[in-house]
Amino acid sequence: MQQTGKYIMIAGAVVLIAGIVIFFWGDKLQFLGRLPGDIRIERENFKFFFPITTMILLSLAISLIIWILRQF
């Protein structure tokens, strides 16, 4: 039960940090979702957006953060 509580507190801290980053530096993060490799198809009545490059970069960043946290 204590392990679950620990994971919930870590998830809350991550959400809090993400919220602070978006609140203060959201206008500086406009390039996310518009990177080369992100798929965007726009037609008259149809829009399709698949940010594959952005997802890969975020996955790498999250994996790096988790790896660093496990080292401690």
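Patches, as the word is used here, are made of residues with over 30% relative accessible area and no salt bridge, with nonpolar side chains joined within 5 Å. In this predicted model, one such nonpolar patch sits on the surface and takes in Ile39, Ile41, Phe46, Phe48, Phe50, Ile52, Met55, Ile56, Leu57 and Leu60. Together these residues put about 870 Å² of accessible area on show. Strand S1 (39-42), strand S2 (47-50) and helix H2 (52-71) are the elements that give two or more residues to the nonpolar patch. The top contributor is H2, with 5 residues.

Leucine 57, one of the patch residues, is found in helix H2. Its relative accessibility is 47%, so leucine 57 counts as partly exposed. Threonine 54 is also part of helix H2, but here the relative accessibility is just 7%, and threonine 54 therefore counts as buried. What does the side chain of threonine 54 pair up with in a polar contact? The partner is the side chain of aspartate 38, and the contact comes in at 2.9 Å. Setting aside neighbours within four places in sequence, threonine 54 is in contact with Leu32, Gly33, Arg34 and Leu35, as well as with Asp38.

Zooming out, the protein chain has 2 helices and 2 strands, and reading along the sequence gives the pattern α-β-β-α. How spread out is the chain with this pattern? The radius of gyration is 16 Å, whereas the globule rule gives 11 Å for 72 residues; the computed value is well over that, so the protein chain is more spread out than a compact globule. Taken along the principal axes, the C-alpha atoms fill a box of roughly 55 × 25 × 25 Å. As for cover, 7% of the 72 residues count as buried, and threonine 54 is one of the buried residues. The protein chain exposes about 6,800 Å², and 71% of that is supplied by carbon and sulfur atoms.

Helix H1 covers residues 2-25, and phenylalanine 23 is found in it. With a relative accessibility of 66%, phenylalanine 23 counts as exposed, because the cut-off for that label is over 50%. Threonine 4 has its place in helix H1 too; at 45% relative accessibility, threonine 4 falls short of that cut-off and so counts as partly exposed. Two C-alpha to C-alpha distances help to place these residues. Threonine 4 lies 24 Å from isoleucine 20, with their positions 16 residues apart in sequence. Phenylalanine 23 lies 29 Å from glutamate 42, and these two are 19 residues apart in sequence.

Next come the charged pairs. Side chains of opposite charge can pair when their charged atoms come close. How many salt bridges does the count come to? The count is 2. In one, glutamate 42 and arginine 40 meet through their side chains, at 3.7 Å from N to O. Arginine 40 has 44% relative accessibility and so counts as partly exposed. The other salt bridge joins aspartate 27 to lysine 28, with the closest N and O atoms 3.9 Å apart. Aspartate 27 and lysine 28 are both exposed.

How values were computed: Residues numbered from 1 in each chain as written. Predicted model: local features only at pLDDT ≥ 70, side-chain atom pairs only at ≥ 80, totals over all residues. Heavy atoms only, no water. Patch = residues over 30% accessible without salt bridge, like charges linked within 9 Å, V, L, I, M, F, W, Y side chains within 5 Å. Areas by Shrake-Rupley, 256 points an atom, 1.4 Å probe, with all protein chains shown as cover. Salt bridge = Lys/Arg side-chain N within 4 Å of Asp/Glu carboxyl O. Helix = DSSP H or I, 4+ residues; strand = E, 2+ residues; numbered from the N terminus. Buried < 20%, exposed > 50% of the residue type's maximum accessible area, 1.4 Å probe, protein only. Polar contact = N/O pair within 3.5 Å; in protein donor to acceptor, adjacent residues only side chain to side chain. Contact = heavy atoms within 4.5 Å. Rg over C-alpha atoms; globule rule 2.2 N^0.38 Å.
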